[in-house]
Amino acid sequence: MAKRSDFVEFVAGQMAFVDGLRIRPMFGGYGIYQDDCMFALIADDRLYFKADAATRTEFEARGLGPFSYVARGKSVTLQYFEAPPDVFEEQEAMRTWVRMAHETALKASRGGRRQA
């Protein structure tokens, strides 16, 4: 197994407060999970958080763009937006953005299921 980059290890340390934190290699990057819920990803040593229509304005207001890649000659954009720089400087900022991304990911995973 390939060694994780210093950036991935740094993010893992910054998110050590997350119970059930898992960082799994996927498609040349890494998925970041709390238990089985993916709430962030790392690609090209950049951290991206899960977003939706309600939270994307928080990212866009800070000039942060979505994660995108090219597949079969077409650009694909995912609902993950680049993390604001302050998450790497302030632990409380990391907690806030992780919480928001995790709640967004949980909401998305329940989206197709009916609540009783």
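**Exercise 1. Decide whether Gln14 is buried or exposed, and find what surrounds it.**

Step 1. Gln14 has a relative accessibility of 16% and therefore counts as buried; buried means under 20% relative accessible area, exposed over 50%, and partly exposed in between (1.4 Å probe, protein chains only). The model is predicted: local features need pLDDT of at least 70, side-chain atom pairs count only at pLDDT 80 or more, and totals for chains, interfaces and linings use all residues. Residues are numbered from 1 along each chain as its sequence is written, and side-chain values use heavy atoms, with hydrogens and water left out.

Step 2. Gln14 belongs to helix H1, residues 6-14. Helices (H or I, at least four residues) and strands (E, at least two) are DSSP runs, numbered from the N terminus.

Step 3. With neighbours within four places in sequence set aside, Gln14 is in contact with Val87, Phe88, Gln91 and Met94. Contact means heavy atoms within 4.5 Å.

Step 4. Gln14 is one of the buried residues of H1, listed with Phe7, Val8, Val11 and Ala12. They lie on the same side of H1, because they cover an arc of only 165° around the axis; the arc is that of the directions from the helix axis to the C-beta atoms.

Step 5. The partners of the buried H1 residues are strand S1 (21-26), S2, S3, S4 and H3.

**Exercise 2. Work out the overall layout of the protein chain.**

Step 1. The protein chain holds three helices and six strands, and their order along the sequence is α-β-β-β-β-α-β-β-α.

Step 2. The radius of gyration is 14 Å, close to the 13 Å that the globule rule gives for 116 residues, so the protein chain is as compact as a globular protein of that length. This radius is taken over C-alpha atoms, and the globule rule is 2.2 Å times the number of residues to the power 0.38.

Step 3. The C-alpha trace spans about 40 × 40 × 30 Å along its principal axes. Of the 116 residues, 37% count as buried.

Step 4. Among contacts with a separation of 6 or more, 49% come from residues 24 or more positions apart.

**Exercise 3. Trace the sheet and find its edge strands.**

Step 1. The six strands form an open sheet in the order S1-S2-S3-S4-S6-S5, with antiparallel pairing. Two strands pair if DSSP finds at least two bridges between them.

Step 2. S1 and strand S5 (66-71) are the edge strands, as each pairs on one side only. From one strand to the next, the twist averages 35°; axes are lines fitted to C-alpha atoms, for helices over the stretch in contact, and angles run from 0 to 180 degrees between N-to-C directions.

Step 3. S1 and S2 run antiparallel and are joined by six bridges, with Met26 opposite Gly29 in S2. In the loop between these strands is Phe27. Its phi is positive, near 50°, although Phe27 is a residue other than glycine. At 84% relative accessibility, Phe27 counts as exposed.

Step 4. Strand S3 (residues 37-43) pairs with S4 over four bridges in the antiparallel sense, and Ala43 stands opposite Arg46 in S4. Two residues separate S3 and S4 in this hairpin, where Asp44 in the turn has a positive phi of about 50°. Asp45, in the loop between S3 and S4, has a positive phi of about 55°. Asp45 is partly exposed, with a relative accessible area of 42%.

Step 5. On the S6 side, three bridges join S4 to strand S6 (residues 74-82); Phe49 stands opposite Phe81 in S6. Strand S4 (residues 46-50) is mostly covered, with four of its five residues buried.

**Exercise 4. Identify the largest nonpolar core and what supplies it.**

Step 1. A nonpolar core is a set of buried Ala, Val, Leu, Ile, Met, Phe, Trp, Tyr and Cys residues joined through side-chain atoms within 4.5 Å. The largest one has 26 residues, and those with the most contacts inside it are Met15, Ile32, Phe39, Ile42, Leu47 and Phe49.

Step 2. At least two residues of this core come from each of H1, strand S2 (29-34), S3, S4 and helix H3 (91-110). H3 gives the most, with five residues.

Step 3. Another core, of seven residues, lies apart from this one; among its members are Tyr33, Met38, Leu41 and Phe67.

Step 4. H3 lies across S2, S3 and S4, and runs at about 50° to S4.
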